[in-house]
Amino acid sequence: RNKMSYCVYITALLSISLFSCTDNSRINQTNFDLDKTFDLTVADANQPVFALIYIAEQQGYFIDVGLNITYLNYTSGRDALQSLIENKSDLALVYETPVVHQAFNQKPIKILSSLHSSELNTGLVIKRDHGIQTINQLIGKNIGVPIKTNAEFFLHTLLQSHNIDIEQVNIIDIKPQDSAKLITEGVIDAVAAWNPHLYNAKKQFPAKQVHIYHSALYSEMSMLVTVQDKIHHNRERFVRFLSALRKAKLFKQKYPKESLALVIKHLNNSYDKKSIEDTWHDFYTEMTLSNQLLGLLTLEAHWMKEQGITNAQLPNFIDYIDSSILAEVDQGAVTIVDSSK
């Protein structure tokens, strides 16, 4: 089986090479003055769900549009977004929860596009031999979760759906990359995280010893974010960047197996190949600005107010979205009103 998997992987890479040489639908370079090239620094949370960025990188689409990309790697979107706010980067790849936190802090962030959505990518792994057979038996147990990330909101949503107050469990703030280690060592009884960390935690034990829970009440989304001042100075760069992502989206739709191979290649130093393969269909890549995104941000903001996480005024999230750049690249991808118009 391993030999077969390896052959499929090599075949996919060869197909990609052939595609790169023969594809006649490359980005129309006449849209941009390629005598001008630009640098962009991207704060990358380094996760398979950001597949469009990695496909664009591996296929040379950023080069096609005259961009030189530098990546700053982080283990969470929370930290990637902080990098943007501290002016260390031009763009950040981040899930929705850190965006809500920073909106409450009145940071001048702007969402340019969504990047993925999923109901299966984030979940809770429970160690059954810790006396936990059901969600209700989590009361009094230690649950690891990276605080101020989407995993925290997911956990609250899951517990509330089972009539468990967050105060009835012991929350331990962890680094996402430590999920598997901490549950293996018995420091925590369960862990809320996203893939591949979630997948890796589950794979530490035989299937009968662990169980994974998701919530039908929560659908996560990630997005491409910048800050207001950078839109004024970097607008053309951002148009070029989203143009490359749109090309990557079309490539992924037409060549799903080859796209998987590209993402595996890009994340080769960070993740086990099989963890990416086994979770590849747990999320949907997209480039949209929709009412779904607006509703999710608003829902999490209300939750933070109800939990007493913040006393700040509820943000109007339409003010944290700039749809003009995505509309220039793909008008049909924008289904909400841009507040700047």
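Strand E8, which covers residues 190–194, is largely enclosed by the rest of the structure, because five of its five residues are buried. The model described here is a predicted one, and this briefing starts from that strand before turning to a helix, a cavity, the aromatic rings and one exposed loop residue.

**Strand E8 and its partners**

- Both faces of strand E8 are covered, since Ala190, Ala192 and Trp194 on one side are buried, and Val191 and Ala193 on the other side are buried as well.
- Strand E5, made of residues 122–127, pairs with E8 in the antiparallel sense over five bridges, and within this part of the structure Leu124 has Ala192 of E8 as its bridge partner.
- Strand E6, made of residues 142–145, pairs with E8 in the parallel sense over two bridges, and here Ile143 stands opposite Ala190 of E8.

**Helix H6**

- Helix H6 runs over residues 150–161, and its 12 residues should span 16 Å at 1.5 Å a residue, which agrees with the 17 Å that separates its end C-alpha atoms.
- An α-helix has 3.6 residues a turn, so residues three or four places apart point the same way.
- H6 is mostly covered, with 10 of its 12 residues buried, and the buried residues include Asn150, Phe153, Phe154 and His156.
- After H6 comes Asn163, a residue whose phi is positive, near 60°.

**The cavity**

- Rolling a probe the size of a water molecule over the atoms shows where empty space is left.
- The structure holds one cavity of 30 Å³ or more, and the largest cavity contains about 50 Å³ of space.
- The residues that line the largest cavity are Gln47, Ser76, Gly77, Arg78, Tyr95, Pro98, Thr149, Asn150 and Trp194, so that Trp194 of strand E8 and Asn150 of helix H6 both have a place in this lining.
- Sorted by class, the lining of the largest cavity consists of three nonpolar, five polar and one charged residues.

**Aromatic rings**

- A pair of aromatic rings is described by the distance of the centres and the angle of the planes.
- The structure has nine aromatic pairs in the count, and one of them is formed by Phe50 and Tyr95, which meet edge-to-face with 6.3 Å from centre to centre and 85° between the planes.
- This pair links distant parts of the chain, with Phe50 in the loop between strand E1 (38–44) and helix H2 (51–59) and Tyr95 in strand E3 (residues 91–95), 45 residues apart.
- Phe50 counts as buried because its relative accessibility is 1%, and Tyr95 counts as buried because its relative accessibility is 4%, where the cut-off for buried is under 20%.
- The rings of Phe62 and Phe241 have centres 4.8 Å apart and planes at 20°, and the pair is therefore stacked.
- The Phe62 and Phe241 pair also links distant parts of the chain, as Phe62 lies in helix H3 (residues 61–64) and Phe241 in helix H9 (residues 228–254), 179 residues apart, and both Phe62 and Phe241 are buried.
- Ring pairs also link Phe153, Phe154, Tyr218 and Trp303 into a cluster, and Phe153 and Phe154 are among the buried residues of helix H6.

**An exposed loop residue**

- Asn311 lies in the loop between helix H12 (291–306) and helix H13 (324–329), and Asn311 counts as exposed because its relative accessibility is 75%, where the cut-off for exposed is over 50%.
- The C-alpha atoms of Asn311 and Phe104 are separated by 8.8 Å, although these residues are 207 residues apart along the chain.

How values were computed: Residues are numbered from 1 along each chain as its sequence is written. This is a predicted model: local features need pLDDT of at least 70, side-chain atom pairs count only at pLDDT 80 or more; totals for chains, interfaces and linings use all residues. Side-chain values use heavy atoms; hydrogens and water are left out. Helices (H or I, at least four residues) and strands (E, at least two) are DSSP runs, numbered from the N terminus. The expected span of a helix is 1.5 Å times one less than its number of residues. Buried means under 20% relative accessible area, exposed over 50%, partly exposed in between (1.4 Å probe, protein chains only). On a 1 Å grid over the protein atoms alone, a cavity is a set of points where a 1.4 Å probe fits but cannot get out, and a pocket is an open set with protein on both sides within 12 Å along at least five of seven lines; lining residues have an atom within 4 Å of a point. Grid points are joined across faces, edges and corners, and a volume is the space filled by probe spheres set on the points. Ala, Val, Leu, Ile, Met, Phe, Trp, Tyr, Cys and Pro count as nonpolar, Asp, Glu, Lys and Arg as charged, and the others, Gly among them, as polar. Two strands pair if DSSP finds at least two bridges between them. Rings of Phe, Tyr and Trp (its six-membered ring) pair if their centres lie within 6.5 Å; planes under 30 degrees apart count as stacked, over 60 as edge-to-face and the rest as tilted.
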